[in-house]
Amino acid sequence: MAKSALLKSSIAKKYWMALTGLFLCLFLAGHLAGNLQLIFGSSQDFNEYALFMTSNPAVKLLSYVTYISIIFHAIDGILLTIQNKKARPVAYAKNSPGANSGFASRNMAVLGTVILVFIVTHMINFWAKMHFDENMPLVQKEIVGQTGEKQIQLVGNKDSQMDYFQLDESGKLSKEFFENIKIQTQGQYLLEIKDVTKIVNTKDGEVIFQGYKDLHKITFDFFRDAKTGLLFTLLYVLAMLALGFHLWHGFASAFQSLGLNNPKFNAGIKFFGRAFSVVVPLLFAIIPLYIHFTK
Ligand code: HEM
């Protein structure tokens with residue numbers, strides 16, 4: 001490829017990296033705010049938030065933009081690294097005027113790879129469970145029935161017309177229970193579970209009950225696991241260290257790639273970027289540490 005064409009495609013890639021990178025910073029701020037409820041909120045607050053995040057259409061759309069941004073950012077990063085290796089110093093010198101050669105700026109590709117591995121394993125452990133695991137536990141509480149015996153009641157955001165939903169020993173709604181309701185209501189209520197959490201009357205589609213998946217329990221169990229909890233807590237802290245270094249260089253560099261390096265604001269952008277790259281990963285790292293060491 002001719003040098004000018006190489007430079008052009010490299011500038012376009014840096015532009016997209018910057019745009020997707022800054023969008024991912026917004027995602028990080030929102031994700032952190034939600035996750036801090038694991039420390040400062042109740043389990044109910046966190047599970048309500050998780051239900052909102054997985055069911056609200058606008059949030060769903062933002063989630064898709066996040067997944068696409070991660071993929072674009074990673075692919076562009078890999079391509080740029082390969083391109084820069086072949087054509088250095090042209091691409092670097094022209095595209096990142098103020099780039100220093102500190103640890104972070106020299107290791108953006110390695111740091112990015114660590115973060116990508118983290119995101120993939122992180123999504124397998126939490127996101128995939130929340131979205132696809134049919135055996136995900138539902139939020140439940142113990143109540144004392146009229147005759148004094150203990151019963152397990154599901155907790156949700158839609159009040160049930162039934163007094164409670166009896167769970168079997170594995171914590172699931174039993175088929176017999178649904179059969180009983182059908183018989184007792186002479187077929188008026190033909191209940192069925194949809195999307196793991198909803199109990200729907202298939203006769204008219206009415207949602208009788210909307211339960212919560214217990215993502216709070218999944219998260220706490222994950223970091224408190226007797227065998228792997230400490231290991232994952234430490235790996236999360238290391239990943240947040242990589243994230244901090246990646247942001248340390250990446251944040252201000254993104255503004256330069258977008259051509260937004262007005263001398264008036266440069267110092268402010270640099271300061272904000274550095275504050276963001278310390279505070280956000282630090283707060284993220286505190287979450288698993290808090291969960292693990294307060295068991
Ligand atoms: C260390 C503290 C963190 C905790 C406790 C945590 C927890 C979670 C949980 C519980 C979910 C599932 C939520 C759902 O599907 O609704 C999730 C999703 C996700 N997390 Fe994290 N997370 C942490 C840090 C991070 C970091 C640092 C990143 C990125 C570098 C990240 C990226 C993601 C992504 C991309 C998703 C999928 C989001 C979506 O579907 O919209 N997480 N996280």
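Which residue in the turn of the hairpin formed by E4 and E5 has a positive phi? The tour comes back to that turn after a look at the whole chain.

**Whole chain**

Load the predicted model and colour it by secondary structure. The chain contains 11 helices and five strands. Of its 295 residues, 22% are buried. Among contacts with a separation of 6 or more, 68% are between residues 24 or more positions apart.

**Stop 1: the hairpin of E1 and E2**

Select residues 140-144, which are strand E1, and residues 150-154, which are strand E2. The two strands pair in the antiparallel sense, and five bridges hold the pairing. For a register mark, show Lys141, which has Gln153 of E2 opposite. Five residues separate the strands of this hairpin. In the turn, pick Gly148, where phi is positive at about 90°.

**Stop 2: the three-stranded sheet**

Next select E3, E4 and E5. They make up an open sheet in the order E3-E4-E5, and the pairing is antiparallel. Strand E3 (191-194) and strand E5 (206-210) are the edge strands; each has a single partner strand, so one side of each lacks a neighbour in the sheet. On average, neighbouring strands here are turned by 30° against each other, direction ignored.

Begin at the E3 side. Four bridges connect E3 with strand E4, residues 198-201. Label two pairs: Leu191 lies opposite Asn201 in E4, and Lys194 lies opposite Lys198 in E4. E3 and E4 form a hairpin with three residues between the strands. Asp195 sits in that turn and has a positive phi of about 50°.

Move across to E5. E4 pairs with E5 over four bridges, again in the antiparallel sense. Val200 has Val207 in E5 as its bridge partner. The hairpin of E4 and E5 has four residues between its strands, and the residue asked about at the start is Gly205, with a positive phi of about 80°.

**Stop 3: the loop before E3**

Step back along the chain to Gln186, in the loop between helix H8 (175-184) and E3. Gln186 is not a glycine, yet its phi is positive, at about 45°. Most residues other than glycine have a negative phi. Is Gln186 buried or exposed? Gln186 counts as exposed, because it has 7 C-beta neighbours inside 10 Å, and the exposed class covers residues with 12 or fewer.

**Stop 4: helix H9**

Select residues 215-224, helix H9, and show the side chains of Leu215, His216, Thr219 and Phe223, which are buried. These residues lie on the same side of H9, because the arc they cover around the axis is only 110°. An α-helix has 3.6 residues a turn, so residues three or four places apart point the same way.

Now show what the buried residues of H9 pack against: helix H2 (37-40), helix H3 (43-55), helix H7 (108-132), helix H10 (229-257) and helix H11 (263-293).

Keep H9 and H11 on screen. Their axes are 8 Å apart, and the helices pack at an angle of about 75°. H9 and H11 are therefore roughly perpendicular to each other. At this contact, Phe220, Phe223 and Arg224 of H9 meet Pro288, Ile291 and His292 of H11. By class, the residues of the contact are four nonpolar, one polar and one charged.

**Stop 5: H10 against H11**

Hide H9 and bring up H10 beside H11. The axes of H10 and H11 come within 8 Å and cross at roughly 170°. That crossing angle makes H10 roughly antiparallel to H11. The contact of H10 with H11 comprises 18 nonpolar, six polar and two charged residues.

**Stop 6: His246**

Finish inside H10 with His246. Which residues is His246 in contact with, leaving aside its neighbours within four places in sequence? Select Ala104, Met108, Leu111, Gly112 and Ile115 to see them. Draw a distance between the C-alpha atoms of His246 and Ala104: the separation is 6.1 Å, for residues 142 apart along the chain. His246 is buried, because 22 other C-beta atoms lie within 10 Å, and the cut-off for burial is 20 or more.

How values were computed. Residues are numbered from 1 along each chain as its sequence is written. This is a predicted model: local features need pLDDT of at least 70, side-chain atom pairs count only at pLDDT 80 or more; totals for chains, interfaces and linings use all residues. Two strands pair if DSSP finds at least two bridges between them. Axes are lines fitted to C-alpha atoms, for helices over the stretch in contact, and angles run from 0 to 180 degrees between N-to-C directions. The arc is that of the directions from the helix axis to the C-beta atoms. Two residues are in contact if their C-beta atoms, placed from the backbone, lie within 7 Å. Angles under 35 degrees count as roughly parallel, over 145 as roughly antiparallel, 65 to 115 as roughly perpendicular and the rest as oblique. Ala, Val, Leu, Ile, Met, Phe, Trp, Tyr, Cys and Pro count as nonpolar, Asp, Glu, Lys and Arg as charged, and the others, Gly among them, as polar.
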